[in-house]
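Please open the model in your viewer and set the display to a cartoon. The tour proceeds by selections, each followed by a description of what is found there.

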Amino acid sequence: MTPSPQPPTEPTETVGHIGHPHASPEPSARPSDGHSDRHSDGRSDPHSGGHSGGDSGGRPSDRSHGHGHGHSHGHGPAAPVSKHLRKVIAAVLIPFAAAVFVGMVVLWPGGAPGHERTGVGFDRQTQQGVVTSLEQVDCKTVNAAQVPTTAAPSTPEGRQAQAEQTGECKKATVEVSSGPDKGRTFVEVVQPGAPRQLEDGQEVVVAYAPDAPRDLQYSVIDVNRKLPMALLAGIFAAAVVLVGRMRGLFALVALVVSFGVLTLFILPAILQGSNPLVVAVVGASAIMLIALYMCHGLTARTSVAVLGTLVSLLLIGLLGSGFIDWAFLSGNTDDNTGLIHGLYPDIDMSGLLLAGVIIGSLGVLDDVTVTQTSAVWELHHADPSMGPRALYRAAIRIGRDHIASVVNTLVLAYAGAALPLLLLFSIANSSMGSVANSELVAEEIVRTLVGSIGLVASVPVTTALAALVVSADRPGSPAGIPAAGPVRGRGRRRKR
């Protein structure tokens, strides 16, 4: 075997294959018609991406390693678009962004309205506490006044009552560690079959009932999970920044801003009595603009993804509104929604359900539209000669794979969230028709299917928009990029 040519002493660019472009250090400063820089006399630059092997006379031989691939590196910054195209995109998005801003100003709630606490469910006054001591006691001594149950021992109620009368209970002394009664102690009895068992020194959440007798004003309702939750959030943030670097950091900032819009604008505005659908559309649009541009930059590529997301959100809103009304879904199906309706009877609960559908679909839509737009841009960058039809056909194949995986993810996510409910229906031996007909499950079905339809529609819509935009762009050759198709060179042949 003949020896291969010596590699250049300077680092060269990484050469990819068709469909797998690699990032170029300076995409705007290098030509994209191959990695071999040719001098005016036809000789190859020894420091270019193509390694030309030849004989002693300098004549190229069959063993020449000429990487004349015509594709360029697309994972770097997007190629600049023409000034005319930027004006067209701005003419569409600037009025939309202005309308979103005006909508937020008009609907801005200025905080959630106050109300008198009912002491039911989440609407309770809570403080922090800590278990200072814990002792084992006979359940008979703490349940002496309890009337014995008449349930049979073979039933769950009978077994629970028997354990409370004969088992070992825990008597916990809890000290209030926050609020006006800081330092006050009370006793909490934990039954042997209780799902939440207390430990000595454990931090807990206590509820305060001012109208109850003094000895019964405080009770433990939950444990304090702030430390593990904060640690998990820190691990998540570190992983995102470690892998995503600056883009990951901007994604975290966008996430914080999104939660800010949700908690400072969307939720209080709905509680103030504004139309939930209008609030959700304005708030979701604001989140979309902030998150996409902050994470992906103020580029034409991101603007096309914004347009595709907007069209899909409008479709989801129309479908959701139609099917929620047609299926007579009230949005008031559990204790939490019932409590909201009781505290704020003017809230349109069906509109609140539709707002949840729109906001819940936004995150997945962002992922799909950005991916499809990037795919079209990379395909065009790899082969500038491709027209809009060829770009659409190539990118839609990527989109079909994305649809198959993301739709399955949506359905499984909703099924996982409703797993206890599905178990109850399974225990009751209910048929699938009966389960789907119940309002509690029908809401999730409408939420899932409407969101999935919008998700599926976003792929061809965004792909078509991106293909039309990038094909209509004629910026000339600002970075020395020729308008011709790829130039292919001979690959290296190994002599055997």
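In this predicted model, begin by showing the side chains where helix α8 meets helix α9. On the α8 side, select Val364, Asp367, Val368, Thr371, Gln372, Ala375, Val376, Leu379 and His380. Their counterparts in α9 are Leu391, Ala394, Ala395, Ile398, Gly399, His402, Val406 and Leu410. Colouring this contact by residue type gives 11 nonpolar, five polar and one charged residue.

Next, select the two helices in full: α8 covers residues 349-382 and α9 covers residues 388-417. How are two packed helices described? The description uses the angle between their axes and the distance between the axes. Here the axes come within 10 Å and cross at roughly 160°. Because angles over 145 degrees count as roughly antiparallel, α8 and α9 are roughly antiparallel to each other. The crossing of α8 past α9 is right-handed.

Now turn to the sheet. In what order do its five strands lie? The order is β3-β2-β1-β4-β5, in an open sheet with antiparallel pairing. Select residues 185-190 for β3 and 218-223 for β5: these strands stand at the edges. Each has a single partner strand, so one side of each is left without a neighbour in the sheet. On average, neighbouring strands of this sheet are turned by 45° against each other, direction ignored.

Finally, select β4, residues 203-208, together with β5. The two strands pair in the antiparallel sense over five bridges. To view one of the residue pairs, pick Ala207 and its bridge partner in β5, Ser219.

How values were computed. Residues are numbered from 1 along each chain as its sequence is written. This is a predicted model: local features need pLDDT of at least 70, side-chain atom pairs count only at pLDDT 80 or more; totals for chains, interfaces and linings use all residues. Side-chain values use heavy atoms; hydrogens and water are left out. Two strands pair if DSSP finds at least two bridges between them. Helices (H or I, at least four residues) and strands (E, at least two) are DSSP runs, numbered from the N terminus. Axes are lines fitted to C-alpha atoms, for helices over the stretch in contact, and angles run from 0 to 180 degrees between N-to-C directions. Angles under 35 degrees count as roughly parallel, over 145 as roughly antiparallel, 65 to 115 as roughly perpendicular and the rest as oblique. A crossing is left-handed if the near helix is turned anticlockwise from the far one by less than a right angle, and right-handed if clockwise. Contact means heavy atoms within 4.5 Å. Ala, Val, Leu, Ile, Met, Phe, Trp, Tyr, Cys and Pro count as nonpolar, Asp, Glu, Lys and Arg as charged, and the others, Gly among them, as polar.
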